[in-house]
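Here are some notes for a colleague who is opening this structure without having seen it before. They are set out as numbered points, to be read beside the model.

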Amino acid sequence: MTFELRKRLSEEIGFNLMLGFTIRPPHQLLSLLSCPGLRIPRFSVLCAPPRLRTMAVSSSSWELPLVAVCQVTSTPDKEQNFKTCAELIREAARLGACLAFLPEAFDFIARDPAETRRLSEPLGGKLLEEYTQLARECGLWLSLGGFHERGQDWEQTQKIYNCHVILNNMGSVVATYRKTHLCDVEIPGQGPMRESNSTIPGPSLESPISTPAGKIGLAVCYDMRFPELSLALVQAGAEILTYPSAFGSVTGPAHWEVLLRARAIETQCYVVAAAQCGRHHEKRASYGHSMVVDPWGTVVARCSEGPGLCLARIDLNYLQQLRKQLPVFQHRRPDLYGNLGHPLS
């Protein structure tokens, strides 16, 4: 089914693009009737329930910016990981996305801290150069959701930063955020996580960055458990919050969607969460379920099982309308409980 045909069908059924669909990487698609080279994307159409709308949106849904959320299973093989991500990014560009989101640890997931340190690179290294070239080739903005970065203090510390990098469509680095909340936890049935064994927490938040889809506030995975961060970002102008992640198999089913929808509702932002999925190696597996949540808290797109991508359109007119109808930020009482999430300077 072509994109144009899906468009006509959606318009006939009356969707207002409360629509998401999932596309499998070409190497995973089955051939049909033994026809070599035939690509059969598997689409998971998600129709959201009606949303509160009291004003007509002037622009057509099909004119709204389209974003792609990529779901992968990273391993210690950096070259193969890049090939998988590049394949999804090119598919996102072919389908008309203006921005593609990759999950935390898109570059690799190592077996232990020593391997993490060995495989890490500086921002000016070979891997980021490959993504720079890919962004230029595709004319696409990229959210690289958690790069294992050797910072300027690498020689002294021998530890890395979990760095969220934004590239524009010319391949330039326009924003970097280093994960501030490190995941040092022990969850029964999921195994211990000691991110601080190899990683240094970032020193500050990054002001929201303007992109073709809207102003994006940067975070990484475990950051989503701290609403003060998201409140600070929205008060600094964020319209989209992004949480690239590698959630575990126990916390994922219990908390993943609940937390993402909560962050969307309380900030009245879109939330984009690209996720790792499946088994990375003998020591680790991730939950997956990448998704996009709108400011009303509705999941408007999600990935199914396995590597692939989902697409969603960002309607900033709807976001502004909702904030006017439900002006929670005007109703806050910092005189009673302080200013949770101080605005960024």
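**Notes on the predicted model**

1. Helix α6 is followed by G237, a residue whose phi is positive, near 110°. The model is a predicted one, and the phi of G237 is a value computed from it.

2. The helix before that glycine, α6, spans residues 227-235, and its buried residues are L229, S230, L231, A232, L233 and V234. What do these buried residues pack against? Their neighbours are the strands β6 (173-178), β10 (214-218) and β11, together with the helices α7 and α8 (316-325).

3. Two of those strands, β10 and β11, belong to an open sheet of six strands. The order across the sheet is β9-β10-β11-β12-β15-β16, and the pairing is mixed. β9 (209-211) and β16 (299-302) are the edge strands; each has a single partner, so one side of each has no neighbour in the sheet. From one strand to the next, the twist averages 25°.

4. In general, the strands of a sheet pair through backbone hydrogen bonds, in either a parallel or an antiparallel way. Within this sheet, β12 (residues 270-273) and β15 (residues 291-293) are an antiparallel pair, joined over three bridges. Which residue of β15 is the bridge partner of V271? That partner is V293.

5. Helix α7, formed by residues 251-267, lies across four strands of the sheet: β11 (240-242), β12, β15 and β16. Its direction is at about 30° to β15. α7 is also one of the elements that the buried residues of α6 pack against, which links points 2 and 3.

6. Further along the chain, L336, Y337 and L340 make a nonpolar surface patch of about 330 Å². L340 sits in the segment after α9 (334-337). Is L340 buried, exposed or partly exposed? With a relative accessible area of 46%, L340 counts as partly exposed, because that class lies between the limits of 20% and 50%.

7. Some totals for the protein chain complete the picture. Its secondary structure comes to nine helices and 17 strands. The chain has 345 residues, of which 52% count as buried. Among contacts with a separation of 6 or more, 72% are between residues 24 or more positions apart. The exposed area of the chain is about 15200 Å², and carbon and sulfur atoms supply 54% of that area.

Terms used
Residues are numbered from 1 along each chain as its sequence is written. This is a predicted model: local features need pLDDT of at least 70, side-chain atom pairs count only at pLDDT 80 or more; totals for chains, interfaces and linings use all residues. Side-chain values use heavy atoms; hydrogens and water are left out. Two strands pair if DSSP finds at least two bridges between them. Axes are lines fitted to C-alpha atoms, for helices over the stretch in contact, and angles run from 0 to 180 degrees between N-to-C directions. Contact means heavy atoms within 4.5 Å. Patches are made of residues with over 30% relative accessible area and no salt bridge: like charges are joined within 9 Å, nonpolar side chains (Val, Leu, Ile, Met, Phe, Trp, Tyr) within 5 Å. Accessible areas come from the Shrake-Rupley method with a 1.4 Å probe; for residues, only the protein chains shown count as cover. A salt bridge is a side-chain nitrogen of Lys or Arg within 4 Å of a carboxyl oxygen of Asp or Glu. Buried means under 20% relative accessible area, exposed over 50%, partly exposed in between (1.4 Å probe, protein chains only).
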